[in-house]
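I opened the notebook to work through a single protein chain, from its overall build down to individual residues. The coordinates and sequence I worked from are shown here.

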Amino acid sequence: MDLPTLWFCIITLFWLGYLFLEGFDFGVGMLLPVLGRDDTERRVMINTIGPVWDGNEVWLIVAVGATFAAFPAWYAGLFSAAYLPVLVLLLALIGRGVAFEYRGKVDSPRWRAAWDRVIVLGSWLPPLAVGLILATTVFGLPLDADGDRVGSVWEAVRWETVLGGVAVAAFSLVHGAAFLALKTEGQLRHRARSFAARFVPVALLPLFTLLLLVQWDEGVTWTLLPVLLVPVAGLVAVWRLLVGREGQAFAALGVVIAAAVVALFGALYPSVLPSTLDAANSLTVDSASSSPYTLTVMSWVGLFGAPAVLIYQGWTYWVFRKRIGTHHIPKAPAHR
C-alpha cells in the first residue's frame, strides 16, 4: 500500500472515530428536553458525557487537519464549497461548549433553560453539517480542469447532501439514546432504552437510503456487503435493547456507523472529490496528495503520537465507565 492510499485509510478511520464517539455525544444533547423530565435528570444526562465530550471533538480536528496536510487539494476543493456549513458547525460547537460550562453557574431555572436550548441547538446542527460535508465529498462538486469549484457557495447544498446531514443526525439521536441507556440508572435508563428500541429502525432509514444511493451511483461489488450490514446490525441493536442488553446494542450501533463509513469511503476510492462536470476533473488519491516526504513525516509522527492519544482517551472512558443516576446529583444546584 502506497502512502497516499494509507493516509486515505487513516482519514477514513478518523471520520469513523468522530462519528462514533461524537455521535452519541450529540445524541445526548439532542435528547435533553425529550428524556430529561426535570433539571436533575438533565444534569445526569450532561454528566454522562461531561468527562469525554471535548476529547471526542479532537477526532474532528485531526480528521480535517490530516486532510489538509495529506491531501491539500481535497481540502481546498471540498471546503471552498462547504465553508458555510463549516461555519455553522464551528459556531454550534463553540456555543455548545460554552453552554456546558455556564449552565450551572447561576442558580436560576430560566438561566439553565436558556443554556439547555443552546446545548440542544448545538447538538443538532453539527451532525447535520458533518453529514452534508461527507455526502458532498462522496457525491462530488462541479470542478474544472484545475480542480477549482465552479458555481456558487451553495453547490454543496443539494438534496442528496441534505440527506447525508439527516442521516448522520438521525443516527446520532438513537446512538445517544442507547448510550444513555448504557450509562444511567432508574427511570431515565428505561425511557432511553424504550426510545432507542422504538426509533432505531426509523432513524437508520435515511442512512440506509443514502448508502443505497451511493452504492447505485459509485459502489463496487465489495461495498455492497457493508451496505447490507447496516440494517442487520440495526435489527440486532433493537433486539438487544428489548432484552435489556444496552452494551451490546450500543456496540451494534457502532457496527452500523463503521459499516456506513467503510461503504461511503470504499465507494469513493480512488477519488477523494469527484467532479460532477467531467470525471476527468475529479481529484484522486494520487492527484490530490502531498509530496512523499510530507506523507512520510506525517506517518512517523502518527506512529508515535496516535497510540498515546488512544491510550489516554481509552483510560478516560474506563475511569468514568460506571452508571450514574439522580441520587448521584447533589440537592443544591452545582455545575454539572
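The entries below record what I looked up, beginning with the whole chain.

**Entry 1: the whole chain**

I noted before anything else that this is a predicted model, and I read every value with that in mind. I looked up the secondary structure and found that the protein chain has 12 helices and 2 strands. Reading from the N terminus, I wrote the order of elements down as α-α-α-α-α-α-α-α-α-α-α-β-β-α. The radius of gyration is 20 Å, close to the 20 Å that the globule rule gives for 336 residues, so the protein chain is as compact as a globular protein of that length. I also took the extents of the C-alpha trace, which come to about 65 × 40 × 40 Å along the principal axes.

For the surface, I recorded that the protein chain exposes about 15,200 Å², with carbon and sulfur atoms supplying 71% of that area. Buried residues make up 51% of the 336 residues. Turning to contacts with a separation of 6 or more, I found that 80% of them join residues 24 or more positions apart.

**Entry 2: the core and α11**

Which residues touch the most other members of the largest nonpolar core? In this core of 105 residues, they are W15, F71, W74 and F265. Helix α11, residues 246-268, gives the core its largest share, 14 residues. As a general point, nonpolar side chains in soluble globular proteins tend to be buried together.

I followed W74 further and, leaving aside neighbours within four places in sequence, found W74 in contact with F8, I11, T67, T137, F265, V272, L273, L283 and A288.

Going back to α11, I counted its buried residues as 17 of 23, so this helix is largely enclosed by the rest of the structure. At 1.5 Å a residue the 23 residues of α11 should span 33 Å, and the end C-alpha atoms are 33 Å apart, which agrees. In the loop between α11 and β1 (271-273) I came to P270, where the peptide bond from Y269 to P270 is cis, with omega near 5 degrees. I set this beside the general rule that most peptide bonds are trans.

**Entry 3: two further helices, α9 and α7**

I checked helix α9, residues 186-218, in the same manner: at 1.5 Å a residue its 33 residues should span 48 Å, and the end C-alpha atoms are 46 Å apart, which agrees. Where does the kink in α9 lie? I located it at F199, shortly before the proline P201, with an angle of about 50 degrees.

Helix α7, residues 109-139, has 31 residues and reaches 45 Å from its first C-alpha to its last, close to the 45 Å expected at 1.5 Å a residue. After α7 comes G140, with a positive phi near 95 degrees. Within α7 I looked up R110, which is exposed with a relative accessible area of 73%. The C-alpha atoms of R110 and G302 are 46 Å apart, with their positions 192 residues apart along the chain.

**Entry 4: single residues, buried or exposed**

Is H175, in helix α8 (residues 159-183), buried or exposed? H175 has 0% relative accessibility and therefore counts as buried, the cut-off being under 20%. Not counting residues up to four places away in sequence, H175 touches F20, G23, F24, F250, L253 and G254.

L253 came up again when I looked at V236, which is found in helix α10 (residues 224-242). V236 and L253 are 17 residues apart in sequence and 8.6 Å apart in space, C-alpha to C-alpha. At 32% relative accessibility, V236 counts as partly exposed.

M30 has its place in helix α1, residues 3-30, and is buried, with a relative accessible area of 2%. Residues up to four places away in sequence aside, M30 touches V120, S123, W124, P127, A169, S172 and L173. From M30 to F265 I noted 27 Å in space, C-alpha to C-alpha, and 235 residues in sequence.

Last, I looked up P292 in helix α12 (residues 292-319). P292 is exposed, with a relative accessible area of 60%. The C-alpha atoms of P292 and L3 are separated by 7.2 Å, although these residues are 289 residues apart along the chain.

Methods
Residues numbered from 1 in each chain as written. Predicted model: local features only at pLDDT ≥ 70, side-chain atom pairs only at ≥ 80, totals over all residues. Heavy atoms only, no water. Helix = DSSP H or I, 4+ residues; strand = E, 2+ residues; numbered from the N terminus. Expected span 1.5 Å × (residues − 1). Bend = angle between axes of the 7 residues up to and from the residue. Rg over C-alpha atoms; globule rule 2.2 N^0.38 Å. Buried < 20%, exposed > 50% of the residue type's maximum accessible area, 1.4 Å probe, protein only. Contact = heavy atoms within 4.5 Å. Areas by Shrake-Rupley, 256 points an atom, 1.4 Å probe, with all protein chains shown as cover. Core = buried A, V, L, I, M, F, W, Y, C linked by side-chain atoms within 4.5 Å.
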